[in-house]
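Reader: I'd like to learn how to read a model like this one, feature by feature. Can you walk me through it?

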Amino acid sequence: MRLSIVVMVILGVGIGWLWWSQQRSTASPAWQGYAEADYVKVAPIEQGQLTAISVARGDQIARGAALFTQDDTHERAARDQAARQLAQAEEQLANLEAAMKPTEVAQAEANLTDARSTLERARADLQRDEALLRTGYSTAQTVDQRRADYKSAEAKAQHAEAALAHGPGAGDRGATAAVAAGRAAVGMAEWRLAQRTVTAPVGGRVADVLAQPGETMAAGAPVVSILPPENIFVRFFVPETALSGLHRGDAVSFGCDGCQRGLAGTISFISPTAEYTPPVIYSESTRAKLVYRIEARPRPDQAVLFNPGQPISVRPIGAGASQ
């Protein structure tokens, strides 16, 4: 009786071991990795002293939320100066455009027509008397007088043209260009002033505040670090034998201590080169072997459940795979 019990126990253990071995061989592989993130580090575009920090580490912020401000004394003064110069240029242009009334313009046009007619007559008289002088039918004194008349008529025509050029409608190109330049200068000054109040380019969680009010920050020096949910991903490593079965866009499931069930994502990157197994995730069976780095993005609604640095196990989702 005792012998039969022992035999039955041995048979039961053997059957159980065979079942466990079969299940283990058919279960989908699990690869070890960790959560990682691409942080958005926000910095001023120009050097300046911080006057206020509007967020704290851990805050959830929306895109466009105020992050920090810098001293803007210089920018306000530059804006005011540009505005005054623009007003002066606009006033000068208005005075030039209103310098002549329509009746005065008509008179200036008539004067120009008369001056041009006089110039043509003077030119014809000069040419005729020069020809007569060569044949002896005119005197040098007469030709000299004709030349003087011609030069006088030419000067009057030039003066009439200049007077008409400043009438309304013709405008003043120099003053118009000055107004355009002034408006551009005001726009640039307003933009530089606005940059002293820095807002969030993306929404997410404030991962860190790297400076405090009173500090002078160089251009490009990060002040606030933001972690958008869409920038969280899982980095894991697979052996070469499993690489051929993985492709960008493949679905994978995630697991971790204390995590809810059903976490999933898609593969977004597969490294083209092999590397040694990272020491933080090696096991006795895989250390010293070459592996390939792979990254997978969680679903957008689940990304906030992952924390950078958190150990994550990854399994493929497919026919016969265990989720």
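**Loop, sheets and cores**

Author: Let's start with I45, which sits in the loop between β2 and β3 (48–53). Helices (H or I, at least four residues) and strands (E, at least two) are DSSP runs, numbered from the N terminus. This is a predicted model, where local features need pLDDT of at least 70 and side-chain atom pairs count only at pLDDT 80 or more, while totals for chains, interfaces and linings use all residues. Residues are numbered from 1 along each chain as its sequence is written, and side-chain values use heavy atoms, with hydrogens and water left out.

Reader: Is I45 buried or exposed, or partly exposed?

Author: Buried means under 20% relative accessible area, exposed over 50%, and partly exposed in between (1.4 Å probe, protein chains only). I45 has a relative accessible area of 44%, so I45 is partly exposed. Together with M188 and W191, I45 makes a nonpolar surface patch of about 320 Å². In a patch, residues have over 30% relative accessible area and no salt bridge; like charges are joined within 9 Å, nonpolar side chains (Val, Leu, Ile, Met, Phe, Trp, Tyr) within 5 Å. The areas come from the Shrake-Rupley method with a 1.4 Å probe, and for residues only the protein chains shown count as cover.

Reader: How do I read the open sheet, and which strands stand at the edges?

Author: Strands of a sheet pair through backbone hydrogen bonds, either parallel or antiparallel. Two strands count as paired if DSSP finds at least two bridges between them. Here, four strands run in the order β2-β9-β7-β4, with antiparallel pairing. β2 (40–42) and β4 (60–61) are the edges: each has a single partner strand, so one side of each lacks a neighbour in the sheet. Strand β7 (residues 204–209) and strand β9 (residues 224–227) pair over four bridges, and R205 has L227 in β9 as its bridge partner.

Reader: Which strands does β1 pair with?

Author: β1 and β14 are antiparallel over four bridges, with G33 partnered by I312 in β14. β1 and β10 are antiparallel too, over five bridges, and Y34 stands opposite R235 in β10.

Reader: And the largest nonpolar core: which residues touch the most other members?

Author: A nonpolar core is a set of buried Ala, Val, Leu, Ile, Met, Phe, Trp, Tyr and Cys residues joined through side-chain atoms within 4.5 Å. This one has 22 residues, and F236, V238, F254, F306 and I312 touch the most other members. β10 gives the most to this core, with four residues. Beyond its neighbours within four places in sequence, F236 is in contact (heavy atoms within 4.5 Å) with residues including W31, Y292, I294 and V314.

Reader: How many salt bridges are there?

Author: A salt bridge is a side-chain nitrogen of Lys or Arg within 4 Å of a carboxyl oxygen of Asp or Glu. The structure holds 15 of them. Take D208 and R57, whose side chains meet at 2.7 Å, N to O. D208 is in strand β7 and R57 in the loop between β3 and β4, 151 residues apart. D208 is partly exposed at 24% relative accessibility, whereas R57 is exposed at 58%.

Reader: What about E75 and R196: how far apart are the closest N and O atoms?

Author: Those atoms are 3.0 Å apart in the E75–R196 salt bridge. E75 is buried at 5% relative accessibility, and R196 is buried at 7%. Both belong to a salt-bridge network with E46 and R192.
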